[in-house]
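Got your viewer open? Please walk me through this structure, one selection at a time.

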2 protein chains.
Amino acid sequence: MGYVKWSYPVLEHFCYDVFRAFGFSEKESKEIEDVLLTADLFGIESHGMQRMVRYHKGIEKGTIHPKEKPEVVFETPVSAVVDGHNGMGQLISIFAMNKAIEKAKTTGIGIVTVRESNHFGIAGYYAKMASDQGLLGMACTNSEAIMVPTFGKKAMLGSNPIAVAMPADPYPFLFDCSTTVVTRGKLEMYNKMNKPLPQGWALDANGHESTQAPTVLENIVSKRGGGIMPLGGNKEVSGSHKGYGYGMLCELFSSIFSMGVTSEKCCTFPDKTGICHGFAAINPEIFGNPEEIKAHLSEYLEALRESPKAEGESQIYTHGEKEIFAEKDRRENGIPVNDNTMAELANLCAYLKLDFHSYFKDYELPGDGTFFTGNY
Amino acid sequence: MGYVKWSYPVLEHFCYDVFRAFGFSEKESKEIEDVLLTADLFGIESHGMQRMVRYHKGIEKGTIHPKEKPEVVFETPVSAVVDGHNGMGQLISIFAMNKAIEKAKTTGIGIVTVRESNHFGIAGYYAKMASDQGLLGMACTNSEAIMVPTFGKKAMLGSNPIAVAMPADPYPFLFDCSTTVVTRGKLEMYNKMNKPLPQGWALDANGHESTQAPTVLENIVSKRGGGIMPLGGNKEVSGSHKGYGYGMLCELFSSIFSMGVTSEKCCTFPDKTGICHGFAAINPEIFGNPEEIKAHLSEYLEALRESPKAEGESQIYTHGEKEIFAEKDRRENGIPVNDNTMAELANLCAYLKLDFHSYFKDYELPGDGTFFTGNY
């Protein structure tokens, strides 16, 4: 599997045109494009261009409704419930996070829970929206069931990421992780590379540990059982119940508070996914002087980075630091996109009647241009 | 190491008298006793009677100041900052959580951050205070550094537990876990049993994995390096950076927002520990009908418990369920206390001039009554 690098403006232009062609407005297309390309800039390949095919298929199948707008169905000065009406997840989420930010600026705290949405890309994008404005931001989502609870054999929770961002110098704290030990995207990578999975990642249909990526992925798609372990594996001795618990926190703030669809039922409907999100923004001013708090955090983050390294290791990262480095590199040297994804983008162009080669000049699809593009 | 069982009223009476003898008021003594015995009732042995020695030593050494009262030093309708003035952690925490609950009942949300406190016992106690009143409750704390960040060799974060409770039927959701893979108490248990530690728990002074409980514990106490791994181990492939990230969330809501002492400096002072806490209460009414939300959560928890079990397993738990069963058993059959702990309680009685045998009738301390009682 080869990679080709494209400059940020090339992908930006392409991505924008794709969503315009799907019928989104200029502003909407720009918003969706920014969420997706931020993932690629941050080095989170699974959630950028590689994810375009999922939105393509969602719109084609009718689980994403491009014309629908999010609606506030319940509201207080510190909270809101948003019904996404099964529109595009990124647009619903930006709308909801902006609501949380607005409330945090007025009352100090805003919590917004969302039902009837769709995949929203990287959770960190929305947490960062708040930290860009001097606030602590939190974002979480449920998703199609993939996490098997401790001692179970059926996936009952999603990959359920939690993201938290907070202003700091020289760069913000930005934590963004699934509550499963890894995401499905990682299993797909091992599958494409034809490699056995590391120990402690996946379960077969009987609930036993498995290192066979193809079987595990097939079982997930066909809902035959098995899936991915919570952070902490599948035993209490390694903390399985803890990862399962963090996954539950996502459900509380997304599907439970919004009276939405819990993960075990997400993506089982013909006309919607039912995915739910939770967003929060907290103004540090409600605890004192925001500049002092920011300096206090910055000092602690620096102490962590400067603390003694394990023998053989050269760097201790604070959360969000790798993304900063990745963005710098990708803006300078281009964003790598793999050939499989390029084939998916070519399919997408054919579907939308866009001229693939007008964006990706001189790029020749390897072989006959036909690739395994996964099950979406 | 043998165990002896005592009825709840025996331990309640003893514990109350101990804190009265330390100079706490009737109300204060009752509050501290309830936090400690709730841990024992819930089966969290490490945080009940076994922990008495730590409070004893803290008061003796002067890091816990029994006469000091918590003070609100900053306040908004949705938040407060509490200075604990290095008083007893349980009293400061009950005070702070009550403040959060009061605010949640008025504005919908209350977040209270606390500095200059002490060990507060089980985080779940305070989260449950909110759920007992129909609210979602959250509690977290930092502590003496014991978690080594990913790729490090020096402990820079505490065991940093996060607890979340929310009303449900037939029993509430109650999640309460350290963000390290295990707590120090578990290492001490393996040490007492003279058993090698499981893989993936601890690091030696050079940052390499170690299964040697005595060495790891000695290194921790003497601050020679090493400690316990975050949830997810010490490698990114198993999600080490995630556990480290959850540990960071505790710091944000405890030491950072309160401008308090971060974990790497906690317990390095002669006259205080500097431990910080964070508490939050959220009223489900800010998202709609609390009864409907509760029923929605109860249904999901039931679906999890009823979901298919892994081959060889007979039960899937939801968080807080084990504690319910443990409490029922211990109220009926007594609370087990190990002989080492009994020796510590005997020492404590001698210190406070209380008559050990008036509480623990017919109990004979094994051997000469001298035990290894750890380093506190």
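Here's a short tour of a predicted model, starting where the two chains meet and ending at one helix.

**Stop 1: the interface.** Color chain A and chain B separately, then select the residues in contact: 88 residues from chain A and 88 residues from chain B. Together the chains bury about 7300 Å², with 73% of that on carbon and sulfur atoms. Now show A:Phe257, A:Phe287 and A:Tyr300 as sticks; they supply 11% of the area chain A buries against chain B, more than any other three residues.

**Stop 2: the polar links.** Four salt bridges turn up across the interface. Zoom in on A:Glu236 and B:Lys322, whose side chains form a salt bridge at 2.7 Å, N to O. There are also 32 residue pairs in polar contact between the chains. Next, select helix H8 (240-256) of chain A, one of the elements on the side that touches chain B. H8(A) gives that side its largest share, 13 residues. By class, the side has 47 nonpolar, 27 polar and 14 charged residues.

**Stop 3: helix H11 of chain A.** Select residues 339-352. At 1.5 Å a residue, these 14 residues should span 20 Å, and the end C-alpha atoms are indeed 20 Å apart. Is the helix mostly covered or mostly uncovered? Mostly covered: eleven of its 14 residues are buried, including A:Met342, A:Leu345 and A:Cys349. Add what covers them, including helix H1 (8-21) and helix H6 (184-193) of chain A.

Finish at the helix ends. A:Asn338 caps the N-terminal end, with a side-chain oxygen 2.9 Å from the backbone nitrogen of A:Asn340. Just after H11(A), A:Lys353 takes a positive phi of about 55 degrees.

Methods:
Residues numbered from 1 in each chain as written. Chains lettered and ligands numbered in written order. Predicted model: local features only at pLDDT ≥ 70, side-chain atom pairs only at ≥ 80, totals over all residues. Heavy atoms only, no water. Contact = heavy atoms within 4.5 Å. Buried area = accessible area lost by both parts, 1.4 Å probe. Polar contact = N/O pair within 3.5 Å; in protein donor to acceptor, adjacent residues only side chain to side chain. Helix = DSSP H or I, 4+ residues; strand = E, 2+ residues; numbered from the N terminus. Nonpolar A, V, L, I, M, F, W, Y, C, P; charged D, E, K, R; others polar. Expected span 1.5 Å × (residues − 1). Buried < 20%, exposed > 50% of the residue type's maximum accessible area, 1.4 Å probe, protein only.
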